[in-house]
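Here's a quick walk through this chain, with a closer look at two of its helices. Have the sequence and the 3D view open as you read.

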Amino acid sequence: MYLVTFGIGASPFTNIEAARIFCCNSCIAIFFNYLYVLSFYGSSLVFTGYIENNYQHSIFCRKVPKPEVLQEKPAWYRFLLTARFSEDTTDSEETNTYESHLLVWFLKRYYCDWITNTYVKPFVVLFYLVYISFALMGYLQVSEGSDLSNIVATATRTIEYTTAQQKYFSNYSPVIGFYIYESIEYWNTSVQEDVLEYTKGFVRISWFESYLNYLRKLNISTGLPKKNFTDMLRNSFLKAPQFAHFSEDIIFSKKYNNEVDVVASRMFLVAKTMETKREELYDLLETLRKLSLTSKVKFIVFNPSFVYMDRYASSVGAPLQNSCISALFLLFFSAFLVADSLINVWLTLTVASVEFGVIGFMTLWKVELDCISVLCLIYGINYTIDNCAPLLSTFVLGKEFTRTKWVKNALEVHGVAILQSYLCYIVGLIPLAAVPSNLTRTLFRCLFLIALVTFFHCFAILPVILTFLPPSKKKRKEKKNPENREEIECVEMVDMDSTRVVDQITTV
């Protein structure tokens, strides 16, 4: 399942190179891990079983002495070679040892009976409805992330800058560079109108507009001949102290006849928009780019933040599409792997419930939908299937008993393994919370929510819902077929030596 999911992420369907490299490395790691499990890990289990059968210590491989012999040894020797098994241990004692484990004992003695109690089920269902309500509230507030502060450490100047920008200047877009990269007829009035039309609606820092206003103040027409327009620009306008800084925005070039021409220039634009409404920035960026391809004046627009806006704009749609494809592939392959189609139905509903809750609570926890969070959602599909599939398989394949009985049996068999896996998973996540980076913090919050919601479904939602939703586990009583009726033959036997009569009944 992991190979299918990460294989789709490593395919050409993914347009993010970082995500493709991550998925490719994950596929390679999973493949070698599978080989390790089949080879070295399996051999280690066999060797461990051989050591246990010979009553040897699992670490030091020495024969475990009998208790009376071990008492005569020093304290350090008894501490190192103490073991729970000995030559006198029987199978029943080993079973009792397993059942006496704290987690197994807790599940069998208390939790299974408590979670399937008739008075507890309504509260669990009510709690699930509250869970769905909050998840829906967060789902309706999902926003795409394009904040530069999400990819840098928390204690940096970038965080201070973005905080001040959003607090005091959030009504303006980033400064957009407007670059004209070919020689155009700046002196032509129609070209002047086109350039001014392209930059209309922006707060402009433009040498071109300032120069036209300069000519108007001198009562000079803006439609000067080329030579006069260029000479006035070089020798008069750029020599004025208040306009001298525009000299960095214009590139002149001399031709073969010593004629000077403007080969490239730049202007700066600022849009009146909301920084928090990223859709406006995306629309603005796309509008300017489409205009640059169709306009008579060849120009490009750029700002360093456009790199991240482009990446985040494309980092949501493609991974979401890949996650849907991955889910469909997983369900398709699981249809051939599972023993009952009902298992596939329950897995689909469980995965949908978990993913919906994670997206909702992720938004309420101020985690935006970016590349990292979407990759975590893809991983959450596999994590949910790994934990919920054993419970659902044991329940669905169980026959002849009630639903409650098989729910208890599934929790007793697989609950300890799921709980131990969950605890190890949480311990591994704790170091991520201490990393001073918003990117790592996003990763921690998403993975923690996936683990928490999956645990909630495994130990609360599924055990309760499975006890009262159809189909029933009880088989209908089969009507006896007349052809399969039992014939009873009675044979009377008389003892000749006495008057005793013996009746022999034979079933045919």
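Let's start with helix 11 and what sits over it. The cover on its buried residues includes helix 9 (189-198), helix 10 (207-217), strand 3 (250-254) and strand 4 (260-271). Keep in mind that this is a predicted model.

So which residues of helix 11 are buried? They are K226, F229, T230, L233 and F237. Looking down the axis of helix 11, you'd find its buried residues within an arc of 105°, so they line one face of the helix. Flip to the other side of helix 11 and you meet K227 and N235, which are exposed.

Helix 8 can be read in a similar way. Its buried residues are I159, T162 and Q165. They take up an arc of only 130° around the axis, which puts them on the same side of helix 8. Over on the other side, R157, Y161, K167 and Y168 are exposed. As for cover, helix 17 (438-465) is among what lies over the buried residues of helix 8.

Here's how the lengths of the two helices work out:

| Helix | Residues | End-to-end C-alpha distance | Expected at 1.5 Å a residue |
|---|---|---|---|
| Helix 8 | 157-168 (twelve residues) | 16 Å | 16 Å |
| Helix 11 | 226-237 (twelve residues) | 15 Å | 16 Å |

For helix 8 the two values agree, and for helix 11 the reach is close to what's expected.

Now zoom out to the whole chain. It holds 17 helices and seven strands. Of its 508 residues, 38% are buried. If you take the contacts with a separation of 6 or more, 69% of them join residues 24 or more positions apart. The chain exposes about 31,000 Å², with carbon and sulfur atoms supplying 61% of that area.

How far should you trust the details? The average pLDDT for the chain is 79, and 78% of the residues score at least 70. Among the elements, helix 7 (residues 121-139) has the highest mean pLDDT, at 94, while strand 7 (residues 501-507) has the lowest, at 44.

Two stretches call for a separate mention. Residues 476-492 have pLDDT below 50, and this stretch has 17 contacts in the model beyond near neighbours in sequence. Residues 498-508 also stay under 50, and there the model has 23 contacts beyond four places in sequence.

Notes:
Residues numbered from 1 in each chain as written. Predicted model: local features only at pLDDT ≥ 70, side-chain atom pairs only at ≥ 80, totals over all residues. Heavy atoms only, no water. Helix = DSSP H or I, 4+ residues; strand = E, 2+ residues; numbered from the N terminus. Expected span 1.5 Å × (residues − 1). Buried < 20%, exposed > 50% of the residue type's maximum accessible area, 1.4 Å probe, protein only. Arc of directions from axis to C-beta. Contact = heavy atoms within 4.5 Å. pLDDT = per-residue confidence, 0-100. Areas by Shrake-Rupley, 256 points an atom, 1.4 Å probe, with all protein chains shown as cover.
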